[in-house]
Amino acid sequence: MFQLGKTIVSEDVLVKDFVCNLSACHGACCIDGDAGAPLSKEETEILEDIFPKIKPFLRPEGIQVIEEKGTWVVGTDQDLETPLIENKDCAYVIFDGKTALCGIEQAYNQGLIDWKKPVSCHLYPVRIKEFSSFAAVNYDRWDICNDACALGKELQIPVYKFVKEALIRRFGKEWYEELESVATEWEKENKKRFNK
């Protein structure tokens, strides 16, 4: 772990490789698991505002859950999150054939809203845990992403590069540039060790 401003970052974010491989996993992270996508308080307000615009993109069962439970829910651990359909699919998931996509992102791609999707989804496989004086930035290893790890290794793209846009969205460009500097130094140090 190392510190960057008010964040503590896991080395795995720098050294593990990852590139989403939708053709292999079919968006399993949106339909597997036992909790919705983590949300900030600000994001719950955004979801309430944009729901009328994204509703036409959603499946009937997603709309039904959202209309019954709300655009967001409080999870079992008291965190704010997206609602689930039958404790499985995110209510905002839509399908292109057998591949899960985000209905929010589809509305964004068509220019109807200016918010891409929850930052926790955009950041995946990076997970942020907020504490009172800092945020922990961790790589979340999940076996459904084995194909993404393999593709990342083949393309030699580390996690932090894969989620660059999302990390900048969450922490700002200056923070990301500092992270890149740390990664460059880390790589030099490892090369030195390897070449000894």
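**A short note on this structure**

1. Let's start with one small piece. Strand β7, residues 93–96, and strand β8, residues 99–102, run antiparallel and are joined by four bridges. Please keep in mind as you look that this is a predicted model.

2. Stay with this pair for a moment. Which residue of β8 stands opposite F95? It is A100. The two strands form a hairpin with two residues between them, and in this hairpin G97 has a positive phi near 65 degrees.

3. Now step back to the whole chain. The secondary structure of the protein adds up to ten helices and ten strands. With a radius of gyration of 18 Å, close to the 16 Å that the globule rule gives for 196 residues, the protein is as compact as a globular protein of that length. If you follow the C-alpha trace along its principal axes, it spans about 60 × 40 × 35 Å.

4. Next, the inside. Of the 196 residues in the protein, 41% are buried. How far apart in sequence are the residues that touch? Take the contacts between residues at least 6 apart in sequence: 66% of these join residues at least 24 apart.

5. Then the outside. The protein has an accessible surface of about 11,400 Å², and carbon and sulfur atoms account for 49% of that surface.

6. Last, the charges. How many positive and negative side chains does the protein have? There are 25 positive and 34 negative ones, and the centres of these two sets lie 6 Å apart.

Definitions and conventions
Residues are numbered from 1 along each chain as its sequence is written. This is a predicted model: local features need pLDDT of at least 70, side-chain atom pairs count only at pLDDT 80 or more; totals for chains, interfaces and linings use all residues. Side-chain values use heavy atoms; hydrogens and water are left out. Two strands pair if DSSP finds at least two bridges between them. The radius of gyration is taken over C-alpha atoms; the globule rule is 2.2 Å times the number of residues to the power 0.38. Buried means under 20% relative accessible area, exposed over 50%, partly exposed in between (1.4 Å probe, protein chains only). Contact means heavy atoms within 4.5 Å. Accessible areas come from the Shrake-Rupley method with a 1.4 Å probe; for residues, only the protein chains shown count as cover. Lys and Arg count as positive and Asp and Glu as negative; His and the chain ends are not counted. The place of a charge is taken as NZ of Lys, CZ of Arg, CG of Asp or CD of Glu.
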